[in-house]
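Hi there,

Here is the structure I promised to send over. Have a look at it first, and then read on for what turned up.

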Amino acid sequence: MAFNFDQRIDRRHSDSLKWNKYADQDILPLWVADTDFRSPDCIIEAIKARAEQGIFGYGDKPTGFINSAVEWLASRYNWHVNPEWIVVLPGAASGLNLAVRAFTAPDQLTIAPTPIYPPFRGAAKLAERGQLNLPLSLQQGRWVLDLAAADGQMTGKERLLMLCNPQNPGGTVYRHDELQAQLEFARQHDPIVCSDEIHSDLLLEPGVQHIPFASLSEDAAQRSVTLMSPSKSFNIAGLGASMAVIPNAELRTRFNRMRRGIVPDVDILALAAAEAAWRDGSAWLSAQNAYLRSNRDWLVSQVNKLPGLSVAAPEASYLAWIDARGLGVASPALYFEKHGLGLSAGREFGDDQCVRLNFGCTRALLDEAVARLQRAVTARP
């Protein structure tokens with residue numbers, strides 16, 4: 001079956017957060033993590049079918065969504081999840097915030113990588129918790145977590161280890177030995193582990209396989225909360241259907257107690273879309289990943305030719321973490337914006353000299369973005 005990812009859909013005057021940021025400006029929006037691809041027909045048809053009923057009352061327990069999730073995790077990751085472990089959420093970011101509040105006290109700390117997806121930092125800040133940041137280091141073209149950096153910094157009050165696999169913004173898919181090292185760290189210091197695995201389906205590097213942290217062992221499962229969603233994979237982030245997989249009954253109770261009366265149930269149309277994605281979207285996802293791989297390879301080859309810029313090829317996701325410290329400008333994000341490129345500012349992730357570029361777009365748009373990058377580098381002071 002053929003899918004057309006070259007189709008240009010004009011989102012400039014819609015309700016798109018991504019495109020409205022630069023409304024009526026000649027700036028290409030390549031920042032927030034949604035793509036410019038039309039979601040697969042199976043999702044659109046599922047939403048239409050649910051809407052045809054014409055009644056949108058309160059939903060019951062979303063057994064269809066949960067069962068499709070269980071089947072998806074078993075078939076793709078050989079991870080056999082009990083349906084009762086699943087807590088359905090309206091977004092992975094809410095899961096991060098709930099984990100911080102459920103599993104740490106006000107005088108306790110979280111541990112998170114840096115650079116990292118901003119809600120990791122924001123969840124600790126909003127809950128008024130301290131955070132110990134462990135750096136990522138670039139090793140053989142992959143951004144990996146430097147657990148040794150914790151030596152001498154641990155206070156005994158660190159109660160939540162926040163992981164991101166595949167890593168955002170670096171795009172690393174952690175291997176078994178790297179995950180095992182993270183588990184050994186958790187055993188040594190005894191924090192609960194919250195693993196954000198929302199980009200797990202977007203694998204670009206041939207031969208690389210995503211391994212859920214909780215699937216390592218029974219010990220890993222019992223100390224972990226895993227956040228997952230079809231939202232990034234199938235471009236349905238605006239609908240908001242995610243889940244936390246929590247095998248430990250006590251942790252699940254604490255998590256659910258914290259969400260009660262604050263975090264709403266998931267929208268019934270979002271559940272229909274997510275269930276359809278996981279049941280019928282595999283062929284579309286494979287085609288999209290192939291398209292993204294081509295975009296990635298082109299972008300990486302072109303960026304690494306430019307003086308002052310460098311980028312490691314992300315193994316997963318549609319996000320490129322570009323090191324721009326060689327440009328010699330105070331804020332690369334603002335500099336590129338002046339040259340017609342709206343990128344995510346590295347400051348929000350923990351490194352102001354980097355930018356994140358979303359290549360989940362048509363090749364034509366990416367070609368124009370590369371041309372603007374080239375012009376911006378040429379014009380630097």
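Which residues lie nearest the centre of the largest pocket? They are Arg11, Val32, Ala33, Asp34 and Ala237, and the lining as a whole comprises 50 residues. Before going further, please keep in mind that this is a predicted model.

**Pockets**

The volume of that largest pocket comes to about 1200 Å³. Two or more lining residues come from each of helix 2 (41–52), helix 4 (92–103), helix 11 (332–338) and strand 12 (341–345). In terms of chemistry, the lining of the largest pocket holds 25 nonpolar, twelve polar and 13 charged residues.

The second largest pocket encloses about 460 Å³. It has 20 lining residues, and Asp60, Pro62, Val88, Asp265 and Val266 are the ones nearest its centre. Strand 2 (86–89), helix 8 (249–259) and helix 9 (268–280) each give two or more residues to the lining of the second largest pocket. By class, that lining has ten nonpolar, three polar and seven charged residues.

**Cavities**

There are also two cavities of 30 Å³ or more. The largest cavity has a volume of about 40 Å³, and its lining is made up of Tyr117, Cys164, Asn168, Asp196, Ile198, His199 and Lys232. Three of these residues are nonpolar, two are polar and two are charged.

The second largest cavity holds about 30 Å³ of space. Around it you will find Trp72, Glu197, Ile198, Ser200, Asp201, Met228, Ser229 and Trp278. Here the split is four nonpolar, two polar and two charged. If you step through the residues on screen, Ile198 appears in the lining of the largest cavity and again in that of the second largest cavity.

**Salt bridges**

How many salt bridges does the model have? The count comes to 27, and three of them are described here.

Asp201, which you have just met in the lining of the second largest cavity, forms a salt bridge with Arg76, with the closest N and O atoms 3.7 Å apart. This pair links distant parts of the chain, 125 residues apart: Asp201 sits in the loop between strand 7 (192–196) and helix 7 (218–222), while Arg76 belongs to helix 3 (residues 63–77). Are the two partners buried or exposed? Asp201 has a relative accessibility of 4%, so it counts as buried. Arg76, at 28%, is partly exposed, because that class covers values between 20% and 50%.

The second pair is Glu315 and Arg142, whose closest N and O atoms are 3.0 Å apart. Glu315 is in the loop between strand 10 (310–311) and strand 11 (319–323), and Arg142 is in strand 5 (residues 142–145), so this salt bridge also links distant parts of the chain, 173 residues apart. Both Glu315 and Arg142 are buried.

The third pair is Arg187 with Asp219, where the closest N and O atoms are 2.6 Å apart. Arg187 is part of helix 6 (residues 176–189) and Asp219 is part of helix 7, with their positions 32 residues apart in the numbering. Arg187 is partly exposed at 35% relative accessibility, and Asp219 is partly exposed as well, at 26%. These two residues belong to a network of salt bridges that links Arg159, Glu184, Arg187, Asp190, Asp219 and Arg223.

**The sheet**

Finally, the strands. Eight of them form an open sheet in the order 2-9-8-7-6-3-4-5, with mixed pairing. Which strands stand at the edges? They are strand 2 and strand 5; each has a single partner strand, so one side of each is left without a neighbour in the sheet. On average, neighbouring strands of this sheet are turned by 25 degrees against each other, direction ignored.

Two of the strands have already come up above: strand 2 gives residues to the lining of the second largest pocket, and strand 5 holds Arg142. Further inside the order, strand 3 (residues 109–114) and strand 6 (residues 158–164) pair in the parallel sense over three bridges. To find this pairing on screen, look for Thr110, which stands opposite Leu160 in strand 6.

Happy browsing, and all the best!

Definitions and conventions:
Residues are numbered from 1 along each chain as its sequence is written. This is a predicted model: local features need pLDDT of at least 70, side-chain atom pairs count only at pLDDT 80 or more; totals for chains, interfaces and linings use all residues. Side-chain values use heavy atoms; hydrogens and water are left out. On a 1 Å grid over the protein atoms alone, a cavity is a set of points where a 1.4 Å probe fits but cannot get out, and a pocket is an open set with protein on both sides within 12 Å along at least five of seven lines; lining residues have an atom within 4 Å of a point. Grid points are joined across faces, edges and corners, and a volume is the space filled by probe spheres set on the points. Helices (H or I, at least four residues) and strands (E, at least two) are DSSP runs, numbered from the N terminus. Ala, Val, Leu, Ile, Met, Phe, Trp, Tyr, Cys and Pro count as nonpolar, Asp, Glu, Lys and Arg as charged, and the others, Gly among them, as polar. A salt bridge is a side-chain nitrogen of Lys or Arg within 4 Å of a carboxyl oxygen of Asp or Glu. Buried means under 20% relative accessible area, exposed over 50%, partly exposed in between (1.4 Å probe, protein chains only). Two strands pair if DSSP finds at least two bridges between them. Axes are lines fitted to C-alpha atoms, for helices over the stretch in contact, and angles run from 0 to 180 degrees between N-to-C directions.
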